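Student: I have a model open on my screen and would like to learn how to read it. Could we go through it together?

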Amino acid sequence: MTDVIISNGRIIDGSGAPAFEGSVLVQDGKIEAVGAVADQKAAKLPGLKRIDASGQTVMPGLIDTHCHLSFDDAGSNSEIFFQRRNGLSALIASYNARKLLRAGVTGLLDPDSTFENMIDLRDAIDANIVEGPRMSCGAYALITGVGGTAGRLIADEGVTGYYMPVNNKDEIVQEVRRQIKYGADWIKVHVTGIIPRQAHKGELCVWTMDELKLICDTAHDLHTPVMGHCRGAEATKKAAEAGFDLIFHATAMDDDALQAVIDRKIPIAPALTFQYNMVEFGKKIGTSDNLMALFERELTESIETMTIAHKEGVPLLTGSESGFSLVPYGDWHYREMEVFVKYFGLSPLEAIQCATQKSAFGIKMEGEVGVIAPGYRADIICVTGKVEEDLSILGNPDNITTVMIDGVEKDLSSPPKRKPIQGWRLASIGKQKLTREVAYGEAQAPEPPHIEELH
Ligand SMILES: [Zn+2]
């Protein structure tokens, strides 16, 4: 292992503290010293590799706590459920993992995957077979017979895509233990689902309190945390009270739900990059005004509760929801920080702290990564420019000059260009029906996708 000194950079240490000029000394994969002490120690180490970070920000690598590496930028659940192949989706995920590295992501939490094959990718990365960020992962997402957010597309029993229905308490216990046996770091639960005939009510809590507690008790007995997809107040409150360790989305909380989260300081990963992309760029992909307004509401309705949660000390973690075509791998992992700044009133330095120090919780490495300070593992990136003045700098891989994990520099060259794979994407004849009005009248905007059925 090469020891390294990174000098002449501006350091953002990930703790929320302001940037400062200085050097970082990395030895044996860990941060040995920061600032003047680093230079003094380095002077006595003649064989050191030197990285000149002039004009650059030196900061902890980003941690994305909501990224589905096996979904491969899917545009629909059908594609994930019915067109993915086990081995191939794992191989493609390893290709996509390199895009995350190039985007400065050194850690990710993959909540659920097709064939639960991200457990294999994680092990391959750990074993240096494949280069990618550190991974922590769930297996299949647990759902009730109601069918998660995809209703009838989900089989009543057995796996569909990334979902596993559990239809009674025995099955809950059996499946939680099975996932842990096969290597899940987390148990993922879809606490809310869409009931087709009640879809106008949005996602509803589809578990009883007893069932949610049973999941938590079974997992916790085996030292495994539980994370829940929760939209709406009831689900968030129940999940918090049942003992969930991490809550995704947590949109539309009421006072009780908010209080339940605050009392327990349960980290929230809102994963609103998806919505933000839709609001800002929906027009460019032919989305209707109605759908854009719906997504904007989900963002704005979260402002008050998320702002309070943050002020009350609830950790907000960053998650991109990459895996879907609206948030392609490598492009948007930094963007949740922009959501936190624009909508929830965080300063850029606070948002960076969320994406680094706080999100380390998502990969179970709190206190080990996510901060540039002596004793931490050297998961460090160097970025051209002043990141805290413009977070979007992180969106251009050309600005990311160095990415290291455990002090080892990663290959940031572009992967070879992909070609299509037969049967991999959901094919359609066209974006819209060729009615006579479309044929001879004024062209209509394409039908928007049914986004509410995704993730
Ligand atoms: Zn998701």
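**Reading the model, from domains to helices**

Tutor: Happily! This is a predicted model. Let's begin with the domains: the centres of domain 1 and domain 2, taken over C-alpha atoms, are 31 Å apart. The domain assignment gives 1-60 + 369-416 as domain 1 and 62-333 as domain 2.

Student: How many residues does each domain bring to the contact?

Tutor: Domain 1 contributes 15 residues and domain 2 contributes 13 residues. On the side of domain 1 that touches domain 2, strand S17 (380-384) and strand S18 (400-405) each supply at least two residues. The largest share there is that of S18, with three residues.

Student: What classes of residue make up that side of domain 1?

Tutor: The side of domain 1 that touches domain 2 has 10 nonpolar residues, along with two polar and three charged ones.

Student: Now the sheet. In what order do its strands come?

Tutor: Follow the neighbours across the sheet: this open sheet of six strands reads S10-S9-S11-S14-S15-S16, with parallel pairing. Strand S10 (163-165) and strand S16 (268-269) are at the edges, and each has a single partner strand, so one side of each lacks a neighbour in the sheet.

Student: How many bridges join S14 to S15?

Tutor: Strand S14 (residues 226-231) and strand S15 (residues 246-251) run parallel and are joined by five bridges. For one pair to find on your screen, take Gly228, whose bridge partner in S15 is Ile247. Helix H7 (residues 233-242) packs on the sheet and touches both S14 and S15, and its direction makes about 160° with that of S14.

Student: How should I read a helix?

Tutor: Start with the repeat: an α-helix has 3.6 residues a turn, so residues three or four places apart point the same way. Then look at burial. In helix H4 (residues 118-126), the buried residues are Met118, Ile119, Asp120, Leu121 and Arg122.

Student: What covers the buried residues of H4?

Tutor: The cover includes helix H3 (86-102), strand S7 (105-110) and strand S8 (134-137). After H4 comes Asn128, with a positive phi near 65°.

Student: And the chain as a whole?

Tutor: Count the elements, then check the overall size. The protein chain has 14 helices and 19 strands. Its radius of gyration is 22 Å, close to the 23 Å that the globule rule gives for 455 residues, so the chain is as compact as a globular protein of that length. Buried residues account for 51% of the 455 residues.

Technical notes
Residues are numbered from 1 along each chain as its sequence is written. This is a predicted model: local features need pLDDT of at least 70, side-chain atom pairs count only at pLDDT 80 or more; totals for chains, interfaces and linings use all residues. A residue is buried if 20 or more other C-beta atoms lie within 10 Å of its own, exposed if 12 or fewer, and partly exposed in between; C-beta atoms are placed from the backbone. Helices (H or I, at least four residues) and strands (E, at least two) are DSSP runs, numbered from the N terminus. Two residues are in contact if their C-beta atoms, placed from the backbone, lie within 7 Å. Domain bounds come from an automatic or database domain assignment. Ala, Val, Leu, Ile, Met, Phe, Trp, Tyr, Cys and Pro count as nonpolar, Asp, Glu, Lys and Arg as charged, and the others, Gly among them, as polar. Two strands pair if DSSP finds at least two bridges between them. Axes are lines fitted to C-alpha atoms, for helices over the stretch in contact, and angles run from 0 to 180 degrees between N-to-C directions. The radius of gyration is taken over C-alpha atoms; the globule rule is 2.2 Å times the number of residues to the power 0.38.
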